[in-house]
Structures are given as structure tokens and as C-alpha cells.
Amino acid sequence: MPLPSQSNKIRSLPPYLFAELDRKRRAVIAKGADVISLGIGDPDLPTPAHIVSAMQQAVTNPAYHTYPSYNGSTEYRQAAAAFVKKRFGVELEPEREILGLIGSKEGLANLQFAWIDAGDIALVPEPGYTVYASSTRFAGGTAVEMPLVEQNRYLPDLEAIAPDIRQRAKLIYINYPNNPTATIAPRSFLEKVVAFAEAHSLLIVSDNAYSEIYYDDQQRPMSILQIPGAKARSIELHSLSKTYNMTGWRVAFAIGSAEAIGALGKIKTNWDSGIFGAIQSAAVTALTGPQDCVAQSRQIYRQRRDILVSALTRMGLSFTIPEAAFYVWVKVPGGQPSINFCTSVLEKAHVVITPGIGFGKSGEGYFRMTLTVNTERLKEACERIRGIL
Ligand code: PLP
């Protein structure tokens with residue numbers, strides 16, 4: 001007998017656009033080609049040594065071998081509060097306004113279930129991180145896309161959202177520094193989002209996973225909670241993944257409205273567990289210890305960005321200069337579909353880049369490159385691409 005049919009939720013997911021490209025990538029590697037991947041947003045830099053050694057100590061402590069608290073230890077939440085206070089000047093009550101997460105993806109995926117029922121709407125940026133829309137669908141709701149276009153500096157046009165959609169919407173997602181466009185939102189935009197959310201009774205979900213990866217010290221990304229009145233109707237996700245090169249460790253936290261934090265905590269308590277205690281202990285070291293490791297990562301990405309920006313300019317390609325996050329969002333030359341261009345770059349230049357269409361329909365006509373390889377490989381990748389243009 002066959003297995004039972006899979007859920008409508010699974011079937012509601014859009015086709016995986018990268019699947020074919022991924023198959024081709026594996027085929028090129030199988031032929032022995034030296035493939036350079038500028039595809040995945042995963043730092044190549046190691047976790048700083050003082051955080052690794054805090055983990056080495058912590059892992060031997062039997063107190064951490066039991067089930068961890070669902071919400072995060074008091075020490076971890078206090079460390080997160082201290083980090084947020086120092087970096088953004090925002091005061092938080094660790095017990096009520098902070099929740100530990102097993103990566104911000106976990107928080108983003110789970111929080112829908114606290115607000116979204118069938119027929120409810122979440123407003124999601126497009127192009128964007130696909131989890132916002134897929135988790136909305138899993139929760140039975142509808143993701144209404146807010147296009148991010150170059151003419152509007154990759155900010156959604158809130159005025160363009162139809163009245164009936166505003167009425168049915170419960171959540172509005174924002175993600176600055178933005179993946180995939182690598183832009184920062186100005187304060188004026190964040191103020192508009194707060195006023196819009198207030199007028200339409202929305203919860204703001206701010207994905208701030210890239211807050212510490214920026215290029216200009218005079219233009220540091222903000223937290224939505226810096227806007228007066230925002231805390232009461234926002235939940236913001238922060239992650240140690242990109243800040244401290246800890247993607248594999250799975251550690252993050254949510255901050256914001258005590259009601260929203262409590263609701264997400266309730267979901268987690270019912271079907272999830274907390275972060276491994278030893279990882280929380282190492283995360284305390286990361287958040288409260290010396291931050292020069294983060295400045296060093298920024299310096300490395302800045303150098304790589306400058307190399308890529310000059311190479312793309314020499315190739316005559318058009319792009320927005322990245323302000324933050326480790327991506328570059330580039331226009332596909334010659335008006336061809338992004339998937340065709342990326343396939344040809346893979347097959348002829350053996351470089352993996354990501355077609356913009358994979359992030360949403362407004363991403364068509366663009367491709368994304370990551371800055372997560374060393375300068376030598378980056379230069380080599382650029383040379384190879386230049387060779388086939
Ligand atoms: N948000 C954005 C915009 C991302 O690009 C990613 C990962 O690439 C995440 C969240 C998830 O990060 P993590 O779950 O590692 O905290």
C-alpha cells in the first residue's frame with residue numbers, strides 16, 4: 001500500500017526553484033570541476049576562539065546536559081538585554097521581553113502559529129527570505145507580497161496596499177539589513193511602518209538577522225524598537241549566526257512586546273524545546289565579551305565587497321552598492337531570465353550564483369552573489385564570469 005497523501009500544507013509550497021540548478025551544480029562537481037560557490041549566505045569565517053573555548057568549558061558541565069528552559073536561561077536573556085541596550089539603546093525586561101530561539105529561522109517559522117488562522121493575511125517583502133511566506137501558508141494564512149523595487153530603494157510601498165488587505169492583515173514583515181538586496185532602511189521608513197501598523201492594528205515582525213554586518217560605521221542598521229511606540233506592537237528577531245559566525249550553533253533571540261514574546265513562548269513550549277544550555281553559555285560570552293571580532297568580520301566583508309564592486313563595475317554590470325549584509329544584488333545582463341543566466345555561469349564559469357526569481361517575482365532580472373569566500377576565490381570567480389560575458 002502507498003503512504004497516505006501528504007498534507008495540503010506541504011502541497012501548498014511553491015516548486016523549489018533552485019532544485020534544477022542544484023542538480024546541475026552537483027553534475028558539474030561530479031565532472032571534477034573546481035566550483036566556486038557564491039550561492040549560500042553562510043559565513044566562511046570561523047566562530048571566534050574565545051566563544052569556542054567558552055563552549056569547550058560549558059559542554060563538560062552536567063548542569064547543561066538536561067532539558068534546557070524553553071524561554072532561554074536568565075543569564076542568556078540578561079546578556080541579550082545588555083547587548084541590545086549597548087548597541088541600540090533600548091531597555092528590555094529580560095524575563096518578559098526576550099525569548100531564546102534555536103536560530104531566528106525557528107522563531108520566524110513558529111511565530112505565525114500564534115497569530116495566523118485560515119483567512120488571515122501576513123504582509124511579506126518580495127523578493128525576500130522565503131520562510132515568511134512559507135510559514136504563513138503552513139499556518140493556514142495567505143502571504144500578500146509587498147514588492148521591493150529599485151526605484152523605491154527596495155522599501156515596500158505601504159500606500160499601495162489595498163484597504164481590504166490592510167483590514168485582513170495581522171502581521172507585517174520587514175527585513176533590514178535586507179536579504180537579498182543588501183540595503184538598510186532609513187529611520188523615516190521605520191517610523192512609517194510603525195504608524196502604518198498602529199493605524200491597522202498589525203504586529204510588526206522585524207527580521208534583524210544581519211544587524212551587525214554593515215559597511216559604514218556612520219550608518220549602522222537600527223532596531224525597530226528604537227522608534228518611539230514600536231515596542232508595544234513589534235517582535236524583532238536577532239541572531240548570533242551571522243554576527244559571530246555561528247550559523248551551525250543555532251542560537252538567536254526575539255525581543256519586543258511582552259504579549260508577542262509570551263505568545264511565541266507558548267507555541268515553543270507546546271512543540272519545541274530550548275537552546276542547548278552549553279550553547280547558551282557560550283552565547284553569553286559572545287554577547288557580553290569583546291566585540292572586536294565582529295569589527296574584524298565587518299572589515300573582511302568590506303574588503304571583499306570593494307573587490308566585487310570594482311570587478312562588477314569593470315564588467316559593466318549594474319548593481320546597488322551593498323550597505324549591509326554580505327550580499328550583492330546585481331542586474332542580469334542582456335534581459336535574459338535570471339535562471340538561464342545563473343545556469344550558464346555555473347556551466348561555463350563554474351561559479352554558483354543565485355537567480356533573483358528564487359526570492360520572488362520582483363527578483364526576476366537580478367542575481368545574488370555572496371561575500372562568503374576569501375578574496376583570492378572572489379577575484380577568481382569574477383575573472384571567470386568576466387570571461388564568459
Ligand atoms: N533571516 C534572514 C533574512 C536570513 O537570510 C537568514 C539566514 O540566511 C535567517 C533569517 C536565519 O538565520 P538563523 O536561523 O541562522 O538565525
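How many salt bridges does the rule find across the interface of domain 1 and domain 2? The rule finds 4. The model behind this count is predicted.

**Domains and their interface**

The domain assignment splits the protein in two. Domain 1 takes residues 8-46 + 293-388, and domain 2 takes 49-288. Their centres, taken over C-alpha atoms, are 25 Å apart. Domain 1 gives 35 residues to the contact, and domain 2 gives 35 residues as well. About 3,100 Å² is buried between the two domains. Carbon and sulfur atoms give 54% of that area. Lys361 and Glu145 form a salt bridge, with 2.7 Å between the closest N and O atoms.

**Salt bridges**

Side chains of opposite charge can pair when their charged atoms come close. The structure as a whole holds 22 salt bridges. Four pairs, the Lys361 pair included, are set out here.

| Pair | N to O distance |
|---|---|
| Lys361 and Glu145 | 2.7 Å |
| Asp34 and Arg377 | 2.7 Å |
| Asp272 and Lys268 | 3.3 Å |
| Asp306 and Arg305 | 3.3 Å |

The side chains of Asp34 and Arg377 meet in a salt bridge. This pair links distant parts of the chain, 343 residues apart. Asp34 sits in the loop between helix 2 (19-30) and strand 1 (36-37), while Arg377 belongs to helix 15 (residues 375-388). Asp34 is partly exposed, at 40% relative accessible area. Arg377 is also partly exposed, at 27%. A network of salt bridges joins Asp34, Arg377, Glu380 and Arg384.

Are the partners Asp272 and Lys268 buried or exposed? Asp272 is buried, with a relative accessible area of 18%. Lys268 is buried at 1%. In the Asp306 and Arg305 pair, Asp306 is partly exposed at 37%, whereas Arg305 is buried at 15%. Arg305 has a further partner: it lies over the face of Tyr215, 4.4 Å from the ring centre.

**Aromatic pairs**

The count of aromatic pairs comes to 12. Tyr76 and Phe253 are one of them, with ring centres 6.3 Å apart. Their planes stand at 80 degrees, so the pair is edge-to-face. Tyr76 lies in helix 4 (residues 74-88) and Phe253 in strand 8 (residues 252-256), so the pair ties together parts that are 177 residues apart in sequence. Tyr76 is buried at 0% relative accessibility. Phe253 is buried at 1%.

Phe113 and Trp271 make another edge-to-face pair, because their planes stand at 80 degrees; the ring centres are 5.0 Å apart. Phe113 comes from helix 6 (residues 104-115) and Trp271 from helix 11 (residues 258-271), so parts 158 residues apart in sequence are tied together. Phe113 is partly exposed, at 31%.

Which residues join Tyr210 in one aromatic cluster? They are Tyr301, Phe326 and Tyr327.

**Two further sites**

Thr136 lies in helix 7 (residues 131-138). Its relative accessible area is 0%, so Thr136 is buried. Leaving aside residues up to four places away in sequence, Thr136 touches Gln112, Ile116, Ala122, Val124, Gly141, Thr142 and Ala143.

Asp157 lies in the loop between strand 4 (142-147) and helix 8 (163-168). Asp157 is partly exposed, with a relative accessible area of 41%. Between Asp157 and Ser206 there are 17 Å, C-alpha to C-alpha, and the two are 49 residues apart in sequence.

Technical notes
Residues are numbered from 1 along each chain as its sequence is written. This is a predicted model: local features need pLDDT of at least 70, side-chain atom pairs count only at pLDDT 80 or more; totals for chains, interfaces and linings use all residues. Side-chain values use heavy atoms; hydrogens and water are left out. Rings of Phe, Tyr and Trp (its six-membered ring) pair if their centres lie within 6.5 Å; planes under 30 degrees apart count as stacked, over 60 as edge-to-face and the rest as tilted. Helices (H or I, at least four residues) and strands (E, at least two) are DSSP runs, numbered from the N terminus. Buried means under 20% relative accessible area, exposed over 50%, partly exposed in between (1.4 Å probe, protein chains only). A charge sits over a ring if NZ of Lys or CZ of Arg is within 6 Å of the ring centre and within 35 degrees of the ring normal. Domain bounds come from an automatic or database domain assignment. Contact means heavy atoms within 4.5 Å. Buried area is the accessible area (1.4 Å probe) that two parts lose on being put together, summed over both.
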